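Hi,

Here is the structure I said I would pass on. Have a look at it first, and my notes follow underneath.

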Amino acid sequence: MLRIEKQSKGRSSTNLKLSGRMQADGLSELLAEIEKCNPLPCLDLEEVTLLDRDSVRFLIRCESKGIQLVNCSLYVREWLTRERGQMNNAPDVV
């Protein structure tokens with residue numbers, strides 16, 4: 001289960017502090033919370049204990065849209081880098 005805690009720093013920035021398991025079935029709720037934020041929030045991953053591949057790809061899409069990932073563990077950062085490389089090298093589907 002993924003817990004999402006909204007932490008506002010005035011009107012200028014918002015952090016969404018994530019904790020627990022980040023899995024595909026919880027991503028729609030996270031996306032809804034992100035869409036409520038203006039400007040885009042930072043995602044604090046310090047207390048995320050487990051991710052699946054769908055979640056990693058979701059985080060890659062978040063970064064590509066300008067959402068900053070903070071307190072991202074080294075293993076998650078390495079997984080993001082590897083998965084991004086695989087996504088970029090995937091053959092085009094006809």
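**What I found**

Gly10 has a positive phi near 70 degrees, and its setting is the hairpin of S1 and S2, where 3 residues lie between the strands. Before going further, please keep in mind that this is a predicted model.

The hairpin is a good way into the sheet. S1 and S2 run antiparallel and are joined by 8 bridges. One of the pairs there is Lys9 with Ser13, its bridge partner in S2.

Stepping back to the whole sheet: it is open, has 4 strands in the order S1-S2-S3-S4, and its pairing is mixed. Strand S1 (2-9) and strand S4 (68-70) are at the edges with a single partner strand each, so each has one side without a neighbour in the sheet. From one strand to the next, the twist averages 25 degrees.

Further along the order, the pairing is parallel. Strand S2 (residues 13-22) and strand S3 (residues 42-51) pair this way over 7 bridges. If you want to find the register on screen, look for Asn15, which stands opposite Cys42 in S3, and for Leu16, which stands opposite Leu43 in S3. S3 and S4 are also parallel, with 3 bridges between them, and Asp44 has Val70 as its bridge partner in S4.

Now the helices. How are these parallel strands connected? S2, H1 and S3 form a right-handed β-α-β unit, and S3, H2 and S4 form a right-handed β-α-β unit as well. H1 lies across S1, S2 and S3, at about 175 degrees to S2. H2, for its part, lies across S2, S3 and S4, at about 170 degrees to S3.

Since you will probably ask about pockets, here is what there is to say on the largest one. Its space comes to about 170 Å³. Which helices supply at least two residues each to its lining? They are helix H1 (27-36) and helix H2 (53-64). The lining is made up of Leu31, Ile34, Glu35, Cys37, Leu40, Phe58, Arg61, Cys62, Lys65 and Ile67. By type, that gives 7 nonpolar residues, 3 charged and no polar ones. The charged residues may be worth a look when you set up your view; Glu35, Arg61 and Lys65 are among the lining residues.

Two backbone details are left, both in loops. As background, most residues other than glycine have a negative phi, and most peptide bonds are trans. The bond from Asn38 to Pro39 is cis, with omega near 5 degrees. Pro39 sits in the loop between H1 and S3. Asn71 is a residue other than glycine with a positive phi, near 50 degrees. You will find Asn71 in the loop between S4 and helix H3 (74-88).

That is the tour. Happy to go through any part of it with you whenever it suits.

Best wishes

Technical notes. Residues are numbered from 1 along each chain as its sequence is written. This is a predicted model: local features need pLDDT of at least 70, side-chain atom pairs count only at pLDDT 80 or more; totals for chains, interfaces and linings use all residues. Side-chain values use heavy atoms; hydrogens and water are left out. On a 1 Å grid over the protein atoms alone, a cavity is a set of points where a 1.4 Å probe fits but cannot get out, and a pocket is an open set with protein on both sides within 12 Å along at least five of seven lines; lining residues have an atom within 4 Å of a point. Grid points are joined across faces, edges and corners, and a volume is the space filled by probe spheres set on the points. Ala, Val, Leu, Ile, Met, Phe, Trp, Tyr, Cys and Pro count as nonpolar, Asp, Glu, Lys and Arg as charged, and the others, Gly among them, as polar. Two strands pair if DSSP finds at least two bridges between them. Axes are lines fitted to C-alpha atoms, for helices over the stretch in contact, and angles run from 0 to 180 degrees between N-to-C directions. Contact means heavy atoms within 4.5 Å. A crossover is right-handed if, with the strands pointing away from the viewer, the path from the first strand over the helix to the second runs clockwise.
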